[in-house]
Amino acid sequence: MRIYVASERASEPRERSAPADLRVDVASERASEPRERSAPAERRARERAGESEGRSPSVRLDVWLDVACLFKTRSEAQTACRTGKIEVNGQPAKPNRLVRAGDRLTIGRAFGRKQLLEVRGIADRHVAKAEARQLYEDLTPAPTPEEIEQRRVERMYRAAVTPPRAPDKRDRRALRKIKERGGR
């Protein structure tokens with residue numbers, strides 16, 4: 001078993017074997033010491049947080065879409081990104097793209113509608129829905145009277161096509177007879 005023990009210099013751990021009774025003491029000493037990161041790992045962490053080069057903070061696109069309540073789950077947001085329904089500043093975006101305040105998003109919605117948003121704030125953890133609405137500004141133009149009428153007709157059509165209830169035993173028998181007759 002290898003145990004890493006801090007040497008005289010805290011930045012250079014040295015390796016040594018220790019008896020079983022000392023292992024607990026060594027572990028407690030290591031737990032109290034702050035863990036040091038390598039320079040590249042520290043730089044990557046700063047870049048992810050947007051702290052390097054004076055940039056504003058950033059977060060992954062799929063996380064932000066979920067936190068801002070634009071999609072029900074993060075996996076739905078990832079799927080929308082992968083299928084090309086999300087654009088950031090006019091370019092198709094992958095789920096791991098970093099989003100910053102000021103970015104403009106275009107989200108493709110059902111029936112060819114587009115939702116235009118501008119990112120106002122960044123959050124990587126879930127917040128109340130009222131606060132989530134403060135994270136973006138909706139720039140989507142108001143629908144024209146023709147679009148409103150088209151949506152109304154679509155709703156009426158879907159309501160007419162959708163059966164009002166599931167078929168009961170008698171209805172299932174009738175459907176089965178119709179299918180049997182039609183197949184001959």
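Two strands count as paired if DSSP finds at least two bridges between them. In this predicted model, strands β4 (residues 86-88) and β5 meet that condition with 2 bridges, in the antiparallel sense. One residue pair at this junction is Glu87 with its bridge partner Pro92 in β5. The briefing below covers the sheet, the nonpolar core, two residues in their surroundings, and the largest pocket.

**Sheet**
- An open sheet is formed by 5 strands, and their order is β5-β4-β7-β8-β9.
- The edge strands, each of which pairs on one side only, are β5 (91-92) and β9 (136-138).
- Pairing in the sheet is antiparallel.

**Nonpolar core**
- The largest nonpolar core has 23 residues, and those touching the most other members are Leu61, Trp64, Leu65, Leu70, Phe71, Ile86 and Leu105.
- At least two residues of this core come from each of the helices α3 (61-67) and α4 (74-82) and the strands β4, β7 (104-108) and β8 (114-119).
- Helix α3 gives the largest share of the core, 5 residues.
- In soluble globular proteins, nonpolar side chains tend to be buried together.

**Phe71**
- Phe71 is among the core residues that touch the most other members.
- Beyond its neighbours within four places in sequence, Phe71 is in contact with Leu65, Asp66, Glu76, Ala77, Ala80, Ile86, Ile107 and Arg109.

**Tyr136**
- Tyr136 is found in β9, one of the two edge strands of the sheet.
- Is Tyr136 buried or exposed? Tyr136 counts as buried because its relative accessible area is 17%, and the cut-off for buried is under 20%.
- Outside its neighbours within four places in sequence, Tyr136 is in contact with Trp64, Ala68, Leu70, Leu117, Glu118 and Arg120.
- Two of these contacts, Trp64 and Leu70, are listed among the core residues that touch the most other members.
- Tyr136 and Asp103 lie 33 residues apart in sequence, with a C-alpha to C-alpha distance of 9.7 Å.

**Largest pocket**
- The volume of the largest pocket is about 410 Å³.
- The pocket is lined by 16 residues, of which Arg113, Lys114, Thr140, Glu147 and Arg151 are the closest to its centre.
- Strand β8 and helix α6 (145-161) each supply at least two residues of the lining.
- The largest share of the lining, 4 residues, comes from α6.
- By class, the lining divides into 5 nonpolar, 5 polar and 6 charged residues.
- Strand β8 thus appears twice in this briefing: it supplies at least two residues of the nonpolar core, and at least two of the pocket lining.

Conventions. Residues are numbered from 1 along each chain as its sequence is written. This is a predicted model: local features need pLDDT of at least 70, side-chain atom pairs count only at pLDDT 80 or more; totals for chains, interfaces and linings use all residues. Side-chain values use heavy atoms; hydrogens and water are left out. A nonpolar core is a set of buried Ala, Val, Leu, Ile, Met, Phe, Trp, Tyr and Cys residues joined through side-chain atoms within 4.5 Å. Buried means under 20% relative accessible area, exposed over 50%, partly exposed in between (1.4 Å probe, protein chains only). Contact means heavy atoms within 4.5 Å. On a 1 Å grid over the protein atoms alone, a cavity is a set of points where a 1.4 Å probe fits but cannot get out, and a pocket is an open set with protein on both sides within 12 Å along at least five of seven lines; lining residues have an atom within 4 Å of a point. Grid points are joined across faces, edges and corners, and a volume is the space filled by probe spheres set on the points. Ala, Val, Leu, Ile, Met, Phe, Trp, Tyr, Cys and Pro count as nonpolar, Asp, Glu, Lys and Arg as charged, and the others, Gly among them, as polar.
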